[in-house]
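Colleague: I am new to this model. Please take one part of it, the place where aromatic rings and chains come together, and describe it closely, with each term explained on the way.

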Amino acid sequence: MGDIVACHDCDLIHERRPLPPGSSARCSRCGGVLYRNAGEVLDRCLALSLASLLLLIVANVFPFMDFRIGGMVQESLMSSGVTTLHQEGFDLLALAVGITGILAPALLILCMLWLLLPLRFGWRLPGMALSCRWVSHLEPWSMLEVYLLGVIVSFVKLSGMADLTLGPGSFAFVMLIVTMTGAVSAFDAPQFWRLLDRRGEGDRA
Amino acid sequence: MSDTAASRGLARCHDCGLLSHEPSLSPRDSAHCPRCHAVLHLRKPSSLARTWSLLIAAYIMYIPANVLPVSTIVSFGKAQDDTIISGVIELFHMGSPEVALLLAFASIAVPSLKLLMMTWLVMSAQFGWVWRPRDRTVVYRVVEAIGRWSMLDIFVISLLAALVRLDALATIQAGRGAVAFCAVVVLTMFAAMSFDPRLMWDHLDAAPQHPNPSTRTEEPA
């Protein structure tokens, strides 16, 4: 069954053919991407995932933004939105922001690492297939770029009212978006599934 | 009859893409992908029913999302409630038309378009329309891609609430409208995820004589 693929959007069967590097094959009926030749991306994806992990920690631990008005200062971390909403009683909102802004990106990075680190060094850990599946489930819920735009909009909204300073957490946050976007676009699931297959059983019942 | 995986009795694993023989179409049996163990389905289970219910729930939440205030600004004892629309108008008056336009797009245009487009797509699958399936598939991809940007206002509110906490001087609080709006965003995202675009194409084969789209093979991009 390895020589044919089905379109994700319209189910039409296509024969798998070799592609020049960097190109992708599209469905002849609906234009959806069938598969691509991403080249050797494992190292790049792994490196960007590791960088993302470090940046995520820095972005959350160090001060994010300061709000100064009339001598009073309000410092905040990346997670301050979640804690404030929870304190105000808006638990569902806190959950939504917490998941899309912090938890989903963190789990996404961890799943990529759990799959790619062993794959790179030839180890075999339990749950690698599960991690690979979870990457595709978590991707739509990691919304760091939207968070960034939210930061920009808040900046504009508040700049008339007060002094806003960006802390080291926010710089790490911007870099995190760059590395995560790179890692996710380098994450070539079909390639990694083939590598997982080749390494042997272990994950199959 | 188009050469689809379903016509050959093959199910495409939604997690790893592997094609396997689907032993039965009974909803009770669950076959698993031999490679990644995900549950296999020929089509997303109860796709139309789930999408309809999520859309209806989103429509219901859409009303309080726009009627109830999403944020409250308290400064020097004076409280000002803002709905999504009044917030946008406020930004125009404040002299930031670009940001106002951005928020209008993300918080008003995108959610409404998502609701309308998804409703149109589900109807097309439900009633077996044959009108331009390729364009409808493109619309589906666009809806999937832009959905997340509606979360913009929620992030803004959470940041403002966290930053502006200076008691009597100035305080910004979230409002109940924000919860409803967040629900609309999440529900429409789930609705897009539960919709199976392949259903729109299945009807083409069932429909009476209809000229097929060109079957020329695409060159790699």
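Modeller: Trp131(B) is a suitable starting point: with a relative accessible area of 46%, this residue is partly exposed, a term for values between buried (under 20%) and exposed (over 50%), found with a 1.4 Å probe on protein chains only. The model is a predicted one, in which local features need pLDDT of at least 70 and side-chain atom pairs count only at pLDDT 80 or more, while totals for chains, interfaces and linings use all residues. Residues are numbered from 1 along each chain as its sequence is written, chains are lettered from A and ligands numbered from 1 in the order in which they are written, and side-chain values use heavy atoms, with hydrogens and water left out.

The setting is the interface. Chain B contributes 67 residues and chain A 69 residues to the contact, which means heavy atoms within 4.5 Å. Between them the two chains bury about 6,300 Å², 68% of it on carbon and sulfur atoms; buried area is the accessible area (1.4 Å probe) that two parts lose on being put together, summed over both.

Six salt bridges cross this interface, each a side-chain nitrogen of Lys or Arg within 4 Å of a carboxyl oxygen of Asp or Glu. One of them joins Arg198(B) to Asp11(A), with the closest N and O atoms 3.9 Å apart. On the side of chain B that touches chain A, helix 5 (residues 152–163) gives the most, with ten residues; helices are DSSP runs of H or I with at least four residues, numbered from the N terminus.

The rings come next. Over all chains there are nine aromatic pairs, counted where ring centres of Phe, Tyr or Trp (its six-membered ring) lie within 6.5 Å; planes under 30 degrees apart are stacked, over 60 edge-to-face and the rest tilted. Trp141(A) and Phe190(B) make a tilted pair, 5.1 Å centre to centre with 45° between the planes. Trp141(A) sits in the loop between helix 4 (128–138) and helix 5 (144–159) of chain A, and Phe190(B) in helix 6 (residues 176–194) of chain B, so this pair joins two chains. Trp141(A) is buried at 16% relative accessibility, whereas Phe190(B) is partly exposed at 38%.

Trp131(B) itself pairs with Trp120(B): the centres are 5.7 Å apart and the planes at 70°, so the pair is edge-to-face. Trp120(B) belongs to helix 3 (residues 97–126) of chain B and Trp131(B) to the loop between helix 3 and helix 4 (133–146), eleven residues apart. Trp120(B) is partly exposed at 24%. Finally, ring pairs link Phe64(A), Tyr147(A), Phe173(A) and Phe155(B) into a cluster.
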